[in-house]
Amino acid sequence: MTSSSPEDLQEALGKYLFNARHYLENAYVLLDQNEVPKAGECVWGSVASAIKAVAAYRGIRLRAHRMLGEYARGLSNELNDKSIYDSFFMAQHLHSNFYETELTREEVLAVAGNVGGTVGRLRELVPAEVR
C-alpha cells in the first residue's frame, strides 16, 4: 500500500467508484453478446475498482494485485463479511479466464451476480456525500 496526496486520492476515488459500476454494467452487456472472457474481465475490474475506492477513501492507494488481495482479506475480516474476500477471490478466476477462456457464460454470470452485491456493499462504505 502506498500513500498519495489527498487531492490524488479524491480524484482516484471518483474514478474507482465510476469504474466499479461501469465495468459491472459492461459485463452484462458483454454476456448478452456472448463475449464471456471480456465480461469476466469487467467483473474483475468492477470488484477491484470497488476495493480500490474503499482504500482511497481511507487514504490508501493500492497499486498491485497482491495489495488488492491483502486489502480485500483485511476488509473482509474487519467488517466480518466473508463475501468481500470470496467475491474478490472468485473474480480473480475471471481475470485469469480472460487468457485461458475455460469458463462458461453461466459460470461468469453466477460470479457477476455475487460480485454485484459485494460491489454495492463496498460502494456504501464510502459516504454518499463523498460519492
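Axes here are lines fitted to C-alpha atoms, for helices over the stretch in contact, with angles running from 0 to 180 degrees between N-to-C directions. Keep that in mind for the helix pairs below, and remember that this is a predicted model.

**View 1. H4 packs against H5 at an angle of about 140°.** Here we're looking at H4 and helix H5 (residues 105-124), whose axes sit 9 Å apart. Angles over 145 would count as roughly antiparallel and 65 to 115 as roughly perpendicular, with what falls outside the named ranges called oblique. H4 and H5 are therefore oblique to each other. Their crossing is left-handed. On the H4 side, the contact is made by Ser 83, Ile 84, Ser 87, Met 90, Ala 91 and Leu 94, and H5 brings Val 108, Val 111, Asn 114, Val 115, Thr 118, Arg 121 and Leu 122. Sort the residues of this contact by type and you get 8 nonpolar, 4 polar and 1 charged.

**View 2. H2 meets H4, with axes that come within 8 Å.** Now turn to helix H2 (residues 36-57) and helix H4 (residues 82-100), which cross at roughly 140°. That crossing angle makes H2 oblique to H4. The handedness of the H2 and H4 crossing is left-handed. From H2, the residues to pick out are Pro 37, Lys 38, Gly 40, Glu 41, Val 43, Trp 44, Val 47 and Ile 51. Facing them from H4 are Phe 88, Ala 91, Gln 92, Leu 94, His 95, Asn 97 and Phe 98. The residues of the H2 contact with H4 split into 9 nonpolar, 4 polar and 2 charged. Ala 91 and Leu 94 of H4 turn up in this contact and also in the one with H5.

**View 3. Asp 81 sits in the loop between helix H3 (65-78) and H4.** Loop or not, Asp 81 counts as buried, because its relative accessibility is 18% and the cut-off for buried is under 20%. Leaving aside residues up to four places away in sequence, Asp 81 touches Ser 76 and Arg 121. Arg 121 should look familiar: it is one of the H5 residues in the contact with H4.

**View 4. Arg 58 and Glu 78 pair up in a salt bridge.** A search of the whole structure turns up 6 salt bridges, and in this one the N to O distance is 2.8 Å. Arg 58 lies in the loop between H2 and H3 while Glu 78 belongs to helix H3, so the pair ties together parts that are 20 residues apart in sequence. Arg 58 itself is partly exposed, at 37% relative accessibility.

**View 5. Asp 86 and Lys 82 form a salt bridge within helix H4.** The side chains meet at 2.9 Å, N to O. Both residues lie in H4, 4 residues apart, which is about one turn of the helix. As for accessibility, Asp 86 counts as partly exposed at 28%, whereas Lys 82 is exposed, with a relative accessible area of 59%.

**View 6. Glu 35 and Lys 38 form another salt bridge.** The closest N and O atoms of this pair are 3.8 Å apart, under the 4 Å limit for a salt bridge. Glu 35 is partly exposed, with a relative accessible area of 31%, and Lys 38 is partly exposed too, at 42%. Lys 38 is also among the H2 residues that meet H4.

Methods:
Residues are numbered from 1 along each chain as its sequence is written. This is a predicted model: local features need pLDDT of at least 70, side-chain atom pairs count only at pLDDT 80 or more; totals for chains, interfaces and linings use all residues. Side-chain values use heavy atoms; hydrogens and water are left out. Helices (H or I, at least four residues) and strands (E, at least two) are DSSP runs, numbered from the N terminus. Angles under 35 degrees count as roughly parallel, over 145 as roughly antiparallel, 65 to 115 as roughly perpendicular and the rest as oblique. A crossing is left-handed if the near helix is turned anticlockwise from the far one by less than a right angle, and right-handed if clockwise. Contact means heavy atoms within 4.5 Å. Ala, Val, Leu, Ile, Met, Phe, Trp, Tyr, Cys and Pro count as nonpolar, Asp, Glu, Lys and Arg as charged, and the others, Gly among them, as polar. Buried means under 20% relative accessible area, exposed over 50%, partly exposed in between (1.4 Å probe, protein chains only).
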